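Open the model in your viewer and keep the sequence panel beside it. The stops below are in an order that can be followed by selecting residues one after another.

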Amino acid sequence: MDLATIEKVVAFIGALVVFTFALIGLKGEWHKKGLDDNVTKVLLGLMAFGCVLVVLASFGVLPRGGGGA
Amino acid sequence: MAVSVAVHGHGPDDHGGHDDDIIYQETRDMRLMGFVLFLVSDVVLFSSYIFAYIYLRNSIQPTWPPIVDGHQLPRLDTAFAAFNSVVLFGSGVTMHFALESWKHANKPRFNTFMWLTIFLGLGFLGGQGYEYAHAQIGGWSGNIFGASFFTLTGMHGIHVFLGVCFLFALWIQTQRGVYTEHRFFGLTAGTLYWHFVDVIWVVLFFLFYLW
């Protein structure tokens, strides 16, 4: 197993863990109405989206032309 | 009002403390609005550079990565960037739970999450340094790809570095009793800032590594 594969596997597992905890955090914020709470909801949601991008990258779905060093 | 008195522990005749709470709440709202506006101004700053990059990529260079001296530059290391991205996103989650721990008066848990956040932030910066040392796309002034990459990720890296310093200063303040369970605006601002640098990286990760 080469270094790039190890990095992708660790990134995939890490992204799943972070995505899960980001959703847990988002669920905890969901009922709150303050300005800071609403900004946090948006930012946590975008961070969860970032985890989806990492999963797509670790499977090689993105970039379409193929990535890696 | 009764709830406020019960929560903050002031007696019904303690008008000074109650007024203090009202003043704190009002100034907190203003400071929060000011901080959110600061983040919006930072969004404008990054947006101007990001749109410049998109324009250059689509208009000036027909192939991407660009061809320099007859050879097409290689793509950046997506696998390592994915790993480094998870490190930064993970720090966003730990910072969120650090703030939640503070709200629930769980100081040991707060300290753990805060230090995890700081270490993950430093880890991301180390990863960026490694990437800079190994990226084979020329230097800052070599071509438009290198110039865009080093300018945008460098600007983001400076934000991360300042964020780490910010979080460390906040941690020192918590140890000195600056914040209480009910008054912790600095921690709220620190958390928002840290989430902000995470989200900027989502955009940069897509633009430079996945697009």
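Select Leu56(A) and show what surrounds it. Leaving aside neighbours within four places in sequence, Leu56(A) is in contact with Val61(A) and Leu62(A). This is a predicted model, and each value in the tour is computed from it. Leu56(A) sits in helix α2 of chain A, which covers residues 35–59. Is Leu56(A) buried, partly exposed or exposed? Its relative accessibility is 28%, so it counts as partly exposed, the buried class being under 20%. Now add Phe12(A) to the selection: its C-alpha lies 8.7 Å from that of Leu56(A), with their positions 44 residues apart in sequence.

Move on to Pro63(A), in the segment after α2 of chain A. Check the peptide bond that leads into this proline from Leu62(A): it is cis, with omega near -5°. Pro63(A) has a relative accessible area of 2% and is therefore buried. Which residues does Pro63(A) touch, not counting those up to four places away in sequence? They are Arg75(B), Thr78(B), Tyr209(B) and Leu210(B). For a distance within chain A, pick Glu7(A): its C-alpha is 16 Å from that of Pro63(A), and the two are 56 residues apart along the chain.

Next, colour the two chains separately and look at the contact between them. It takes 33 residues from chain B and 34 residues from chain A. About 2,700 Å² is buried between the chains, and carbon and sulfur atoms give 79% of that area. How many salt bridges are counted between chain B and chain A? The count is two. To see a salt bridge, select Lys32(A) and Glu100(B), whose side chains meet at 3.6 Å, N to O. Two residue pairs are also found in polar contact across the interface, both at pLDDT 80 or more.

Stay with the side of chain B that touches chain A. The elements giving two or more residues to this side are α2 (15–60), α3 (78–103) and α6 (185–210) of chain B. Of these, α3(B) supplies the largest share, 15 residues. By class, this side of chain B has 20 nonpolar, seven polar and six charged residues.

Now isolate α3(B) as a cartoon and measure from end to end. The end C-alpha atoms are 38 Å apart, which agrees with the 38 Å that its 26 residues should span at 1.5 Å a residue. The helix is mostly covered, since 24 of its 26 residues are buried. At its start, zoom in on Asp77(B), where a side-chain oxygen reaches to within 3.3 Å of the backbone nitrogen of Ala79(B).

Within α3 of chain B, pick Ser85(B). With a relative accessible area of 0%, Ser85(B) is buried. A polar atom of its side chain lies 2.6 Å from the backbone oxygen of Ala81(B). Beyond residues up to four places away in sequence, Ser85(B) touches Val54(A), Trp201(B) and Phe205(B).

At the other end, go just past α3(B) to Ala105(B). This residue is in the loop between α3 and α4 of chain B. Phi of Ala105(B) is positive, about 60°, although the residue is not a glycine.

Continue into α4 of chain B, residues 107–134, and stop at Thr117(B). Thr117(B) is buried, its relative accessible area being 0%. Apart from neighbours within four places in sequence, its contacts are Ser91(B), Thr94(B), Met95(B), Leu167(B) and Trp194(B).

Two stops remain, both in loops of chain B. Select Pro65(B), in the loop between α2 and β1 (67–68). The peptide bond from Trp64(B) to Pro65(B) is cis, with omega near -5°.

Finish at Asp69(B), in the loop between β1 and β2 (71–72). What is phi of Asp69(B)? It is near 55°, a positive value in a residue other than glycine. Asp69(B) has a relative accessibility of 73% and so counts as exposed, the exposed class being over 50%.

Conventions. Residues numbered from 1 in each chain as written. Chains lettered and ligands numbered in written order. Predicted model: local features only at pLDDT ≥ 70, side-chain atom pairs only at ≥ 80, totals over all residues. Heavy atoms only, no water. Contact = heavy atoms within 4.5 Å. Buried area = accessible area lost by both parts, 1.4 Å probe. Salt bridge = Lys/Arg side-chain N within 4 Å of Asp/Glu carboxyl O. Polar contact = N/O pair within 3.5 Å; in protein donor to acceptor, adjacent residues only side chain to side chain. Helix = DSSP H or I, 4+ residues; strand = E, 2+ residues; numbered from the N terminus. Nonpolar A, V, L, I, M, F, W, Y, C, P; charged D, E, K, R; others polar. Buried < 20%, exposed > 50% of the residue type's maximum accessible area, 1.4 Å probe, protein only. Expected span 1.5 Å × (residues − 1).
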